[in-house]
Amino acid sequence: MRPTPTEPNADSTAGGKNESADALRQERDALIQERDGLFDRLARVTAEFQNARRRLEADKDQAVSFANTALIKSMLPIIDNFERALAVDPAKTDPATILKGMQIVHDQWMTVLKAQSVESITPEVGTPFDPATMEALIHQANDKLPPNSVTQLLQRGYALQSRTLRPAQVAVSKSQ
């Protein structure tokens, strides 16, 4: 039998339903508030991530733009020496002095390149041909060397940290 509203248990049952509904509403409101807080937090974290990504891209672009700064600064004294050499009156200077000055500038260039981890590729005569670091321009008959050996260095090559920038141009022996 169901209690009637006039009975003492009736109030407690109806009140229990109201309390249960109130508790559910409070729980729902708390969950909605928590959800909204999480959405706000997600939006802030997403915005922070996008800003950090933009900053990193800007830093990378700037690093690429100024990557050669050290190299260019190290070349400036060489340019200064070329300008000094060009300012000299050729009528008052002997060829040996000019040649000596060119050798000094060449040595400066090689020092700068070495400081930048650039190595010269200069294969010796008799070295086996290496297509990764050499370019064969001429095939020459040669009885003294095995086939595909360097017979002559025509132009130096250069490598940056063991990566070929320009292969050495060589003459290579061919089989008879």
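**A pocket, a core and a few odd residues**

Helix H3 is the top contributor to the lining of the largest pocket, giving six residues. The model is a predicted one, and this pocket is a handy place to start looking at it. Helix H3 covers residues 95-115, and both this helix and helix H2 (69-87) put at least two residues into the lining. In total, 14 residues line the pocket, and those nearest its centre are Ala85, Leu86, Ile98, Gly101 and Met102. Sorted by character, the lining comes out as nine nonpolar residues, four polar ones and one charged one. The space inside comes to about 390 Å³.

Next comes the largest nonpolar core. Seven residues make it up: Ile121, Met134, Val150, Ala159, Ala168, Val170 and Val172. Strand E6, which runs over residues 168-174, provides the largest share of this core, with three residues. One core member, Val172, has plenty of company: leaving aside residues up to four places away in sequence, Val172 touches Phe129, Ala136, Ile138, His139, Gln140, Asn148, Ser149 and Thr151.

Thr151 deserves a look of its own. This threonine sits in strand E3 (residues 150-155). Its relative accessible area is just 13%, so Thr151 counts as buried, the cut-off being under 20%. The Thr151 side chain also makes a polar contact with the side chain of Gln140, at 2.6 Å. Again skipping residues up to four places away in sequence, the residues touched by Thr151 include Val125, Asn142, Leu145, Ala171 and Ser173.

Phe39 tells another story. This phenylalanine is part of helix H1, which spans residues 8-65. With a relative accessible area of 53%, Phe39 is exposed, because the cut-off for that label is over 50%. Phe39 and Lys144 are 105 residues apart along the chain, and their C-alpha atoms are separated by 81 Å.

Finally, two serines have backbone angles worth a second glance. Most residues other than glycine have a negative phi. Ser117, though not a glycine, has a positive phi of about 65°. Ser117 is located in the loop between H3 and strand E1 (118-121), and its 32% relative accessibility makes it partly exposed. The other serine is Ser162, whose phi is also positive, near 70°. Ser162 belongs to the loop that links strand E4 (157-160) and strand E5 (163-166). Ser162 is exposed, with a relative accessible area of 63%.

Terms used
Residues are numbered from 1 along each chain as its sequence is written. This is a predicted model: local features need pLDDT of at least 70, side-chain atom pairs count only at pLDDT 80 or more; totals for chains, interfaces and linings use all residues. Side-chain values use heavy atoms; hydrogens and water are left out. On a 1 Å grid over the protein atoms alone, a cavity is a set of points where a 1.4 Å probe fits but cannot get out, and a pocket is an open set with protein on both sides within 12 Å along at least five of seven lines; lining residues have an atom within 4 Å of a point. Grid points are joined across faces, edges and corners, and a volume is the space filled by probe spheres set on the points. Helices (H or I, at least four residues) and strands (E, at least two) are DSSP runs, numbered from the N terminus. Ala, Val, Leu, Ile, Met, Phe, Trp, Tyr, Cys and Pro count as nonpolar, Asp, Glu, Lys and Arg as charged, and the others, Gly among them, as polar. A nonpolar core is a set of buried Ala, Val, Leu, Ile, Met, Phe, Trp, Tyr and Cys residues joined through side-chain atoms within 4.5 Å. Buried means under 20% relative accessible area, exposed over 50%, partly exposed in between (1.4 Å probe, protein chains only). Contact means heavy atoms within 4.5 Å. A polar contact is a pair of N or O atoms within 3.5 Å; within protein, one must be able to donate a hydrogen and the other to accept it, and residues adjacent in sequence count only if both atoms are side-chain atoms.
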